[in-house]
Amino acid sequence: LQVPQVSRQCESARLPYTFALPAWSTQTWTLSLRRCAKMAEKHQLVAPLQGISCHCWNGDQSCLAISPNDNSMQIYEASTWTKVADLDEHDLQVSGIDWCPHTNKIVTASHDRNAFVWSWNAEEQRWKPSLVILRIDRAALDVKWSPDGMKFAVSSGAKCVPICHYEQENDWWVSKMVKKHKSTVTCLSWHPSSQLIATGSTDFKCRVISAFVAGVDAEQQSGPFAEVMPFGEVYAEFNCQGWVQGVCWSPSGDALAYCGQDSSLQVVHFGGAQPVERSIRFGQLPLSCLTFLSENCIVGGGHEMNPMVFTGGASDGWHFDKMVDVKEEKASSSQADSGVSAARARFQAMAKRGNDSKKETEIWTQHASAITCIQRMGSPGDAAYNKFSTSACDGRVVVWNLPS
């Protein structure tokens with residue numbers, strides 16, 4: 001009997017293909033053929049026990065920067081997945097990385113309470129760091145460039161958010177403090193206007209705050225709000241029943257989503273007289289990061305090890321749609337499922353491993369540990385806008401390609 005060969009390049013979900021053996025055989029086997037179009041592309045970049053704390057892409061997704069859960073940042077070429085740089089200027093774990101698509105600068109934040117802006121030096125053919133004085137006395141937890149590339153914001157355990165910009169006269173990066181939080185700021189996201197930030201905190205609040213910096217930004221904009229506010233003032237504040245672990249603006253800036261430690265997702269729609277809040281409860285483990293793939297689709301990852309898709313809108317509401325990773329069918333035998341063979345296999349499993357062979361013992365998801373970071377790929381309107389990547393504590397980066 002000739003068994004079809006399966007390509008090793010396809011790491012995606014499988015299509016069932018069933019065939020019968022000759023009439024004298026009592027066994028019927030099921031073979032799985034992989035789809036040609038890959039839905040998930042998995043890459044083991046660091047040791048499984050080391051993990052990846054965060055990652056980000058450059059503007060055209062040709063290079064990837066990761067932190068292998070220590071004080072360094074590694075840069076890989078996406079075409080060959082080879083490491084081209086290993087930068088270890090920080091003293092403690094790197095907790096946030098972001099790559100500006102406009103200036104090609106990388107910003108890193110660390111538990112050592114510092115941030116570095118990395119610029120490529122063409123003459124020396126290496127990345128050169130520039131120290132940022134954050135003026136915080138607790139660890140930096142997350143960092144994000146503004147969409148226009150003129151500023152970046154850093155969340156921290158010091159109950160404040162430094163908004164940093166470059167001063168040409170003094171040739172350094174300076175920061176202005178946002179002090180409207182009562183506890184650790186775990187995450188943040190920039191509004192498309194680059195003048196508002198949304199923050200999530202362990203005080204069970206999600207806030208929208210003015211980040212307008214005179215002399216850096218052009219004419220001040222209020223985004224979805226009626227009136228402009230001075231720097232550091234709160235436009236709106238929303239409640240959560242747990243620590244806010246992830247926050248993200250929609251591509252248009254008309255909706256804001258944030259996830260909590262209580263296994264909930266909140267979506268706030270602006271545009272009317274008052275913001276409209278939608279709350280989704282789900283039975284899976286909590287999310288720790290999320291992003292909008294479109295105005296009607298949110299994808300999040302966390303302790304479930306499997307990305308989750310939520311769909312909806314302002315008029316229809318939001319709901320949990322599906323898990324991205326789908327379990328593949330394994331080869332099975334009708335003869336081994338019953339009779340003496342089944343009893344023997346079950347007894348052997350109980351004797352060797354102390355468990356029932358019929359129970360699930362293997363991790364079948366692409367990730368084998370909690371997802372720590374999720375990044376949207378492409379730009380709105382691009383054909384690749386349904387792609388996103390995830391990194392986890394298992395040392396893997398997985399690139400997902402959702403159906404349109």
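Biologist: What makes strands 16-17-18-19 an open sheet, and which strands are its edges?

Modeller: In this predicted model, four strands line up in the order 16-17-18-19 with antiparallel pairing. Strand 16 (185–190) and strand 19 (234–239) are the edge strands, since each pairs on one side only. On average, neighbouring strands of this sheet are turned by 20° against each other, direction ignored.

Biologist: How do you know that strand 18 and strand 19 are paired?

Modeller: Pairing asks for at least two bridges between two strands. Five bridges join strand 18 (residues 205–210) to strand 19, so the pair meets the rule. The two strands run antiparallel, and R207 stands opposite E237 in strand 19.

Biologist: Which residues belong to a salt-bridge network with R207?

Modeller: R207 is linked with D203, K205 and E237 in a network of salt bridges. Side chains of opposite charge can pair when their charged atoms come close.

Biologist: Why is the contact between K83 and D86 called a salt bridge?

Modeller: The cut-off is a side-chain nitrogen of Lys or Arg within 4 Å of a carboxyl oxygen of Asp or Glu. For K83 and D86 the N to O distance is 3.8 Å, so the pair counts as a salt bridge.

Biologist: And why are K83 and D86 called partly exposed?

Modeller: Buried means under 20% relative accessible area and exposed means over 50%, with partly exposed in between. K83 has 44% relative accessibility, so K83 is partly exposed. D86 has a relative accessible area of 44%, so D86 is partly exposed.

Biologist: How do you know that D142 and K144 form a salt bridge, and are they buried or exposed?

Modeller: The closest N and O atoms of D142 and K144 are 3.1 Å apart, so the pair falls within the 4 Å cut-off. D142 has a relative accessible area of 12%, which is under 20%, so D142 is buried. K144, with 25%, lies between the two cut-offs and is therefore partly exposed.

Biologist: What makes D262 and R281 a salt bridge, and which parts of the chain does the pair tie together?

Modeller: Their side chains meet at 3.0 Å, N to O, so the 4 Å rule is satisfied. D262 lies in the loop between strand 21 (255–260) and strand 22 (264–269), while R281 is in strand 23 (residues 276–281), so the pair ties together parts that are 19 residues apart in sequence. D262 is buried because its 18% relative accessibility is under 20%. R281 is exposed because its 53% is over 50%.

Biologist: What sheet does strand 23 belong to?

Modeller: Strand 23 is part of an open sheet of four strands in the order 20-21-22-23, with antiparallel pairing. The edge strands are strand 20 (244–249) and strand 23, each of which pairs on one side only. Neighbouring strands of this sheet are turned by 15° against each other on average, direction ignored.

Biologist: How do you know that strand 22 pairs with strand 23?

Modeller: Six bridges join strand 22 to strand 23, so the requirement of at least two is met. These strands run antiparallel, and V267 stands opposite R278 in strand 23.

Biologist: How many salt bridges, helices and strands are there?

Modeller: The salt-bridge count comes to 12. The protein chain has one helix and 30 strands, and buried residues make up 49% of its 404 residues.

Methods
Residues numbered from 1 in each chain as written. Predicted model: local features only at pLDDT ≥ 70, side-chain atom pairs only at ≥ 80, totals over all residues. Heavy atoms only, no water. Buried < 20%, exposed > 50% of the residue type's maximum accessible area, 1.4 Å probe, protein only. Axes fitted to C-alpha atoms, helices over the stretch in contact; angles between N-to-C directions.
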